[in-house]
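Here is a friendly walk through the sheets and helices of one chain. Please keep the model open beside the text as you read.

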Amino acid sequence: MAERGRTASLRARLVWQLLVLAAALAMILYAAVRVGAERASEATLDAVLGAAAQTMAEEMRSAEGGLVIDLAPGTFSMLAAMGEERIFYRVDVAGQTVTGYEDLPLPLALPSALAPTFYSVPFRDAEIRVAAVVRALRIEGRNAPVLVLLGQTREGQGAIANQLGNRAAALGLGVFLAAIPLSLFLARGLLRPIDRLAEAVGRRGAHDLRPVRHPAPVELVPFVTALNSFIGRLRGTLNQTETFIAEAAHHVRTPLAVIRNEAELALRQSGEEETRARLRGLIRSADDAARSTGQLLDHATVLYRAGQAEWAPVDLATLTQEVAARLEPAAGMKDISLKLKIEGPLPAVGDAVLIEAALRNMLDNAIKYSEAETVVEVQAGTHGKMAVITVSDRGRGLSGVTHDRLKRRFRRGTNVADVAGSGLGLTIVDESAIAMGGSFDLKERDGGGTCASLSLPLA
């Protein structure tokens, strides 16, 4: 379907149209030069032929007893200058042929005095051009019209027309060949505004949803307007998504907390062991549901903000301390101590929401999988141009499972089946780190346990 829906390149279509136009112009040029050459050569040869016919008519004179016809050599030499052509003539006096070729065809209408008439007729296996001239002479005491016909073949005219036509064809071919690079250049120039607009839009990050303000030709204004309208609708949809995630987190977590609190109250008030067992199961289910729901919403938040994150300076030292303080009660319930070792301010560049989600899941995993009465160490410092936060525990470790597998969604280790979890915690940390140009690493700790490291660029 994708191949069927693919359209031809605008650049290719424009180049082909320009080449077709160039080819048409070259053919028109050839036809115009060929026709013009034929007409020009015909006009030139007609002028020479007519002058020769008029010369013959003017050289004729009347004499006692008849008509004197002087066929001067200069008259025929004038025609011989036009090439090796055959010459035919005919002289009629009062309708009678007195000399020349009697079968030389007459014109359809007699010409006016000394104004030659030209016509073309087939004669003696050739197409000849004939000039007809009429002159009135007084012969034997009476006026008699003298008709002079002078014909000539036009093989030379055809040769001249062919020669000029060949030159026109060569010129047209040259024009067409020159049009190829010119068409490519023009197509590139005409499409350059589109390329610049695409480059300007392509330079934007995934989180940049500002309207496009790049200068565009008038023809592209409707496209830019439609693009800005789409960006506006997308921005509104993403804002609605963020609002939905926040409201969902509130409306889901609050009822679960109420259920857990009510179950704990009922557990303290109940004296029946069977009821107490069921209430304990209800509390565990509420905790599992709250944890899973929280991680699902955290993951949705990460996916949303990864594309819309607003990078800003964040003090990782302060943020790490705040997250650790919020999780300290959960660690205290298992008699786990949080040992913090944080170097001064750590100004990094990122999204505070994503960083908080990553740190919370790192610490939550360390507390959840650690044995009671152990220590979870939290260190924050610098390594080159990166800020590194490390959470180390003495828990169950990776049990031979690679960290790449554990980073995948809904994947858990084989040694934690008895502990509630959704398999999204490490995925949230990894996707948050990648979105901010950092990295996440998970490895076995010497002496048992796990060491998780989050690296983010320094400001």
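## Two sheets and their helices

The chain holds 10 helices and 14 strands, where helices (H or I, at least four residues) and strands (E, at least two) are DSSP runs numbered from the N terminus. This is a predicted model, in which local features need pLDDT of at least 70 and side-chain atom pairs count only at pLDDT 80 or more, while totals for chains, interfaces and linings use all residues. Residues are numbered from 1 along each chain as its sequence is written, and side-chain values use heavy atoms, with hydrogens and water left out.

Of the 459 residues in the chain, 37% are buried (under 20% relative accessible area, with a 1.4 Å probe and protein chains only). Among contacts (heavy atoms within 4.5 Å) between residues at least 6 apart in sequence, 66% join residues at least 24 apart.

**The antiparallel sheet.** Let us start with an open sheet of five strands, ordered β4-β3-β7-β6-β5 and paired antiparallel; two strands pair if DSSP finds at least two bridges between them. β4 (96-100) and β5 (117-123) stand at the edges with a single partner strand each, so one side of each has no neighbour in the sheet. From one strand to the next, the twist averages 30 degrees. Helix α2 (residues 10-59) packs on this sheet and touches β3, β5, β6 (126-139) and β7 (142-153), its direction making about 30 degrees with that of β6. Such angles run from 0 to 180 degrees between N-to-C directions, with axes fitted to C-alpha atoms, for helices over the stretch in contact.

Strand β3 (residues 87-93) is joined to β4 by four bridges and to β7 by seven, again in the antiparallel sense. Six of the seven residues of β3 are buried. β3 and β4 form a hairpin with two residues between them, and Ala94 in the turn has a positive phi of about 55 degrees. Some opposite residues are listed here.

| Residue | Opposite residue or bridge partner |
|---|---|
| Val93 | Gln96 in β4 |
| Arg90 | Gly100 in β4 |
| Phe88 | Gly151 in β7 |
| Phe440 | Leu454 in β14 |

**The mixed sheet.** Another open sheet has five strands in the order β9-β11-β12-β14-β13, and here the pairing is mixed. Its edge strands, β9 (337-342) and β13 (439-444), each pair on one side only. The twist averages 15 degrees from one strand to the next. Six bridges link β13 with β14 (residues 450-457), and these two run antiparallel. Helix α7 packs on the sheet, touching β9, β11 (375-383), β12 (386-392) and β14, and its direction makes about 175 degrees with that of β9. Helix α8 packs there too, touching β9, β11, β12, β13 and β14, at about 170 degrees to the direction of β14.

**Two packed helices.** How do α7 and α8 pack, and at what angle? α7 (residues 316-333) and α8 (residues 352-369) pack at about 40 degrees, with axes 10 Å apart. The contact includes Leu316, Leu319 and Val323 of α7 and Ile355, Leu359 and Leu363 of α8.

**A covered helix.** Is helix α10 (residues 425-435) largely enclosed or left open? Eight of its 11 residues are buried, so α10 is largely enclosed by the rest of the structure. Among the buried ones are Leu426, Ile428 and Val429. Gly437 follows α10 and has a positive phi, near 80 degrees.

Conventions:
Buried < 20%, exposed > 50% of the residue type's maximum accessible area, 1.4 Å probe, protein only.
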